[in-house]
Amino acid sequence: MVEVDEKTLRTIENLLYEWARTIDENRLESLAALLTEQGEYKVVSRFNLDRGLPVALIHTKSRAQLRDRITSMRVANVYEPHHYRHLVSGVQVIGVSTGVYDVRANYSVIRIMDHDGSMTVFACGQYQDSVVFERGAALFARHQVTYDS
């Protein structure tokens with residue numbers, strides 16, 4: 001772990017919490033603003049990552065691509081009504097180089113079904129992020145969600 005000042009750490013933590021809360025509150029269209037213009041977003045299984053396999057559930061390489069995926073999801077996908085609750089813990093800055101913070105955090109996602117309130121652990125794993133500061137705001141240069149389950 002790398003020592004960073006308290007303000008920087010809290011700002012980075014808040015970026016991760018904001019990403020999770022944006023999904024929990026179904027404000028998906030706001031996610032792209034948390035990436036740099038060429039920010040990468042990737043959701044990949046630990047199985048594939050450990051074996052060097054390239055397949056990811058989603059992999060975007062810019063804000064525009066993420067916006068496109070969200071629009072497609074809203075239009076084309078039909079799901080039984082549900083919502084999510086993210087739990088994010090263990091946020092650590094494990095490296096920093098030329099203004100890029102290498103950040104790790106654990107997460108769990110609980111899915112709650114609207115029709116009966118039933119809950120299941122939907123996913124758990126680790127965030128593997130590169131965070132930069134632009135005009136004083138923390139943004140993801142890369143937000144990688146590696147899921148264990």
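In which sense do E1 and strand E6 pair, and over how many bridges? They run parallel, with seven bridges between E1 and E6 (residues 137–147). Keep in mind that this is a predicted model. Here's a quick tour, from the whole chain down to one buried aspartate, Asp129.

**The chain as a whole**
- The chain carries three helices and six strands.
- Read from the N terminus, the order of elements is α-β-α-β-α-β-β-β-β. With a radius of gyration of 16 Å, close to the 15 Å that the globule rule gives for 149 residues, the chain is as compact as a globular protein of that length.
- If you want a box for it, the C-alpha trace spans about 45 × 35 × 30 Å along its principal axes.
- Buried residues make up 40% of the 149 in the chain.
- Take the contacts between residues at least 6 apart in sequence: 55% of them join residues at least 24 apart.

**Strand E1 and its partners**
- E1 covers residues 35–45, and eight of its eleven residues are buried, so the strand is largely enclosed by the rest of the structure.
- On the E6 side, Ser45 has Tyr147 as its bridge partner.
- E1 also pairs with strand E2 (residues 58–60), this time in the antiparallel sense and over three bridges.
- In that pairing with E2, Lys42 stands opposite His59.

**Asp129, a buried charge**
- You'll find Asp129 in strand E5, which takes in residues 119–134.
- Which side chain of opposite charge is nearest to Asp129, and how far away is it? That would be Arg142, at 6.1 Å.
- A salt bridge needs a side-chain nitrogen of Lys or Arg within 4 Å of a carboxyl oxygen, so at that distance Arg142 doesn't qualify. Asp129 is buried and has no salt bridge.
- Asp129 does have polar company, though: its side chain makes a polar contact of 2.6 Å with the side chain of His143.
- There's a backbone neighbour as well, with the nitrogen of Gln144 lying 3.3 Å from a polar atom of the Asp129 side chain.
- Leaving aside residues up to four places away in sequence, Asp129 touches a run from Tyr101 through Asp102 and Val103 to Arg104, along with Leu16.
- The contacts of Asp129 also include Phe140, Arg142, His143 and Gln144. Strand E6, the parallel partner of E1, spans residues 137–147.

How values were computed:
Residues numbered from 1 in each chain as written. Predicted model: local features only at pLDDT ≥ 70, side-chain atom pairs only at ≥ 80, totals over all residues. Heavy atoms only, no water. Buried < 20%, exposed > 50% of the residue type's maximum accessible area, 1.4 Å probe, protein only. Helix = DSSP H or I, 4+ residues; strand = E, 2+ residues; numbered from the N terminus. Pairing = 2+ DSSP bridges. Lys, Arg positive; Asp, Glu negative; His and termini not counted. Polar contact = N/O pair within 3.5 Å; in protein donor to acceptor, adjacent residues only side chain to side chain. Contact = heavy atoms within 4.5 Å. Rg over C-alpha atoms; globule rule 2.2 N^0.38 Å.
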